[in-house]
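Reader: Please take a close look at a single part of this model and describe its surroundings in detail. I should like each term to be given with its cut-offs.

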Protein chains: 2
Amino acid sequence: MPERKPRQDAARNRKAVLAAADDLFARSDSPEEVTMADIAAAAGVGKGTLFRAFGDRAGLLRALYEARLEPVREAVETGPPPLGPATPPHQRVPALLDAVLCFKLDNRRLALALEEDGSGSPYQAEHYTRWHRLLRSVLEQIPGLTDSDYLAHALLAATRADLVEHLAGRERLPRDTMRAHLAHLTARVLGSGPLTAPATEN
Amino acid sequence: MPERKPRQDAARNRKAVLAAADDLFARSDSPEEVTMADIAAAAGVGKGTLFRAFGDRAGLLRALYEARLEPVREAVETGPPPLGPATPPHQRVPALLDAVLCFKLDNRRLALALEEDGSGSPYQAEHYTRWHRLLRSVLEQIPGLTDSDYLAHALLAATRADLVEHLAGRERLPRDTMRAHLAHLTARVLGSGPLTAPATEN
DNA sequence: CGACGATACGGACCCCGGGTCCGGATTGCA
DNA sequence: TGCAATCCGGACCCGGGGTCCGTATCGTCG
């Protein structure tokens with residue numbers, strides 16, 4: 001319960017590590033070639049320090065991720081439309097997905113590292129469950145959708161880090177093309193198709 | 001000149017390893033807790049033998065996967081509808097996806113192992129590119145779809161091993177429910193939506 | 001300002017798993 | 001049966017995540 005304040009050098013080192021790791025991941029082609037020892041070295045710090053500060057590799061990744069995600073999270077939770085809560089569902093869903101996609105595009109390596117190294121399923125990571133819960137709850141507000149839970153998973157799956165990396169990296173697909181494709185997909189999924197009869201606006 | 005026939009004990013050991021690995025993966029909760037040494041031991045064989053036969057871990061996984069996949073592949077390539085080539089596209093797409101899903105449900109651990117351990121992106125694995133190419137080519141035959149390539153990726157993403165594992169395993173979602181959801185999603189995506197095509201691309 | 005307890009530092013060290021190597025056993029062909 | 005090609009297998013290496021503890025640093029109190 002007591003928030004004991006850390007020593008100053010501890011805080012400084014923590015930042016140094018974060019910065020070094022951020023940089024190393026950004027440069028590296030593949031996250032798995034960035035080792036903990038490398039990060040420690042780049043931060044001018046011992047491995048012990050690094051592990052004391054973050055617990056383990058996944059912890060460090062999470063910390064980095066969380067930091068980068070902060071602005072987006074805020075825009076989603078308390079921001080103006082089209083991301084904020086005041087947006088009508090059928091408009092917010094594509095906005096949310098676009099935000100996720102853009103985030104992953106801007107943080108490819110990091111997202112990749114977190115997903116493929118995050119100690120088990122990405123689906124147990126709390127940041128994933130947050131996105132999923134949110135997206136599902138928004139989907140649920142759209143009439144005519146029956147399986148919002150699965151739909152949320154499926155839509156998020158289209159923004160997975162390794163897929164994004166593959167398309168944007170290996171296949172040089174331009175950012176906006178990809179966004180358009182995702183938007184298109186989303187539209188189709190939500191879309192007023194003849195097979196269900198939602199379509200009505202409110 | 002290649003095709004040098006292997007010695008009999010070699011062949012026998014190869015099968016033993018395959019069987020042992022198959023079994024071990026099937027039992028284990030998480031594939032990463034199955035070690036190469038374990039497999040060798042279970043097969044009553046030395047590690048050297050194992051690595052000589054399959055090159056590396058990924059090679060073994062691929063071999064196992066390929067073997068399991070064989071019947072499905074045949075059904076798809078030369079079988080009767082709804083999987084075979086003679087099926088009309090808008091009917092074949094859901095059939096293909098359902099087949100993939102079922103396969104992953106029946107081989108959860110194995111698929112999981114292959115995806116999360118397959119030496120880099122799953123998107124470079126040739127078995128993925130095969131599914132993708134096929135699905136894309138079928139999608140292309142459906143009028144009104146513009147970005148078949150991305151669509152194929154997105155739809156396949158909904159059947160990813162770790163997602164399947166999460167839903168079927170952790171959340172105890174019944175097999176048929178999941179299939180229904182996927183079918184529903186597919187229908188929505190293909191849905192004869194006259195909502196026009198915004199994305200300009202080539 | 002000096003000193004002392006609490007905290008952090010850091011790199012040597014451990015563990016574990018994938019992958020290699022080579023002396024010895026097997027196979028198969030004549 | 002003899003011989004060469006092939007294969008066997010477990011001891012061994014290496015690289016990376018994670019730990020430990022003697023030492024340096026902090027910051028607080030007298």
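Author: Contact means heavy atoms within 4.5 Å. Under that criterion, and leaving aside residues up to four places away in sequence, B:His153 touches residues of both chains: A:Leu163, A:His166 and A:Leu167 on one side of the list, and B:Tyr123, B:Tyr128 and B:His132 on the other. The structure is a predicted model, in which local features need pLDDT of at least 70 and side-chain atom pairs count only at pLDDT 80 or more, while totals for chains, interfaces and linings use all residues. Residues are numbered from 1 along each chain as its sequence is written, chains are lettered from A and ligands numbered from 1 in written order, and side-chain values use heavy atoms, with hydrogens and water left out.

B:His153 belongs to helix α8 of chain B, residues 148-157; helices are DSSP runs of H or I with at least four residues, strands are runs of E with at least two, and both are numbered from the N terminus. With a relative accessible area of 1%, B:His153 is buried, a word that stands for under 20%, whereas exposed is over 50% and partly exposed lies in between (1.4 Å probe, protein chains only).

Its partner B:His132 sits in helix α7 of chain B, which covers residues 126-140. Although 21 residues separate B:His153 and B:His132 along the chain, their C-alpha atoms are 6.6 Å apart. B:His132 is buried as well, at 8% relative accessible area. Beyond four places in sequence, B:His132 is in contact with B:Asp149, B:Ala152, B:His153 and B:Leu156.

The helix that comes next in the numbering, α9 of chain B, spans residues 161-170 and is mostly covered, with nine of its ten residues buried. Those residues are B:Ala161, B:Asp162, B:Leu163, B:Val164, B:Glu165, B:His166, B:Leu167, B:Ala168 and B:Gly169. Their cover comes in part from α8 (148-157) of chain A. Chain B itself contributes α5 (89-106), α6 (108-117), α8 and α10 (175-190) to that cover. Thus α8 of chain B, the helix that holds B:His153, is also among the elements lying over α9(B). Just after α9(B), B:Arg172 adopts a positive phi of about 55°.

Chain A, which supplies part of this surrounding, has ten helices and zero strands. The C-alpha trace of chain A spans about 60 × 45 × 30 Å along its principal axes. Of the 202 residues in chain A, 50% are buried. Among contacts in chain A with a separation of 6 or more, 64% join residues 24 or more positions apart.

Elsewhere in chain A, A:Ser28 lies in the loop between α1 (8-27) and α2 (36-42). A:Ser28 is buried despite its place in a loop, with a relative accessible area of 8%. Residues up to four places away set aside, A:Ser28 touches A:Glu33, A:Val34 and A:Arg109.

Two cysteines may be added to the picture. A:Cys102 counts as buried at 13% relative accessibility, and B:Cys102 counts as buried at 13% too. A search of the whole structure for disulfides, pairs of cysteine sulfur atoms within 2.5 Å, finds zero over all chains.
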